[in-house]
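Here are some short exercises to work through with the model open in your viewer. Try each task before you read its solution.

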Amino acid sequence: MSSEPTTAGRMAGVEPAPGVAKPDPILKASGVRRSFGGLTAVDVQHLEVQRGTITALIGPNGAGKSTLFNLLTGFDRVDAGQWSFNGHRLNGVSGHKVARRGMVRTFQLTKALTRLTVMDNMLLAAQGQVGERMWGAFLRPLWGARERANVQRAEALLERFKLLAKRDEMAGSLSGGQRKLLEMARSLMVNPSMIMLDEPMAGVNPALVQSLLGHITALRDEGVTVLFVEHDMDVIMGISDWIVVLAQGKVIAEGCPEDIRSNREVIDAYLGAQHDEPGDGAEEER
Ligand SMILES: Nc1ncnc2c1ncn2[C@@H]1O[C@H](COP(=O)(O)OP(=O)(O)OP(=O)(O)O)[C@@H](O)[C@H]1O
């Protein structure tokens, strides 16, 4: 174990260039395109995600981040391209099967899920990906050996995410931050090797941000690969091992936080678009 390179060590020799090859990619995508009418939402020539890292996917509003997440996880169909996870092609594989292969994405609590208890949310997630076949899951007998194991796993995860006391409460009664914790806990029910988080800090009060950040880095340290979309630059710069910048559907830059911070193209495309006010960029709003 001592000869294992650290995360930073593994990324140290990687050139900060769009589409660059990684030493041990868990996810590889090539020529992935998706249009809506005349609008090309995603047009990624090549992208690799290094195993065991926290990789941020950033970009201005409408850059295609959520669409790319949906495509890679089987919740939307590509117009062209292929991608593989752990060396297996994922084209045409449905969302819940992608999850079973170890790549999960978090889902916001839908209205229906807020009316279930925290524990039921966890148990549904164990059946595959939440959002699909959820009612079908209830029709199956719940108390086999597998279900008991699921309850145990759910309890352990709820304890880890400090939600065990809430196990029998409706998910809808949780605060914004607790919902994010539940979304993360739920996605871990299938023991994934990669987790994709869509804006994990959105709507979270500052006191819980540190706790969420701690959970994300702990997952990485346990070997789970994390890919996340986020707008908060402090969060992005603080925990990312690698950052991929998307603009108008294309990867325009990649690199470690220091590379990205000083990348002129990123500042123009991302920060320029984020801050509508003309100025010298010295002031920080909000
Ligand atoms: N189902 C859809 N039908 C039509 N257009 C869509 C659809 N989904 C996304 N788009 C468009 O595709 C583009 C990319 O959207 P997407 O939501 O992927 O961007 P994003 O980077 O996640 O943005 P944000 O940061 O605002 O969430 C946008 O112009 C959006 O309006």
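**Exercise 1. Find the residues that A185 contacts, leaving aside its neighbours within four places in sequence.**

Solution. This is a predicted model, and a contact here requires C-beta atoms within 7 Å. Start at A185 and skip the residues up to four places away; what remains in contact is M122, L157, L158, F161 and L163.

Next, place A185 in its wider setting. The largest nonpolar core has 74 residues, and A185, M122 and V245 are the ones that touch the most other members. Strand β9 (residues 242-247) supplies the largest share of this core, six residues. Both domain 1 and domain 2 contribute at least three residues each to the core. As general background, nonpolar side chains in soluble globular proteins tend to be buried together.

**Exercise 2. Work out how the chain is divided into domains, and what domain 1 offers to the contact with domain 2.**

Solution. First, the bounds: domain 1 covers 1-102 + 195-286, and domain 2 covers 105-191. Second, the contact: 17 residues come from domain 1 and 14 residues from domain 2. Third, the elements: on the domain 1 side, α3 (95-100), β7 (194-198) and α9 (206-221) each give two or more residues. Finally, the classes: that side of domain 1 has nine nonpolar, six polar and two charged residues.

**Exercise 3. List the residues that surround the ligand and sort the shell by element and class.**

Solution. Begin with the list: F36, L39, A41, G59, N61, G62, A63, G64, K65, S66 and T67 surround the ligand. Two elements, β2 (39-50) and α2 (65-72), give two or more residues to this shell. Of these, α2 provides the largest share, three residues. Sorting by class gives four nonpolar, six polar and one charged residues.

**Exercise 4. Decide whether G92 is buried or exposed.**

Solution. Locate G92 first: this residue sits in the loop between β5 (88-89) and α3. Now count neighbours. A residue is exposed if 12 or fewer other C-beta atoms lie within 10 Å of its own. G92 has 10 C-beta neighbours inside 10 Å, so G92 counts as exposed. For a distance check in your viewer, the C-alpha atoms of G92 and L71 are 9.8 Å apart, with their positions 21 residues apart along the chain.

**Exercise 5. Summarise the whole chain: how many helices and strands are there, and what share of residues is buried?**

Solution. The protein chain has twelve helices and ten strands. Of its 286 residues, 38% count as buried. Among contacts between residues at least 6 apart in sequence, 71% join residues at least 24 apart.

Conventions: Residues numbered from 1 in each chain as written. Predicted model: local features only at pLDDT ≥ 70, side-chain atom pairs only at ≥ 80, totals over all residues. Domains from an automatic or database assignment. Contact = placed C-beta atoms within 7 Å. Helix = DSSP H or I, 4+ residues; strand = E, 2+ residues; numbered from the N terminus. Nonpolar A, V, L, I, M, F, W, Y, C, P; charged D, E, K, R; others polar. Near = placed C-beta within 6 Å. Buried ≥ 20, exposed ≤ 12 C-beta atoms within 10 Å, placed from the backbone. Core = buried A, V, L, I, M, F, W, Y, C linked by C-beta atoms within 7 Å.
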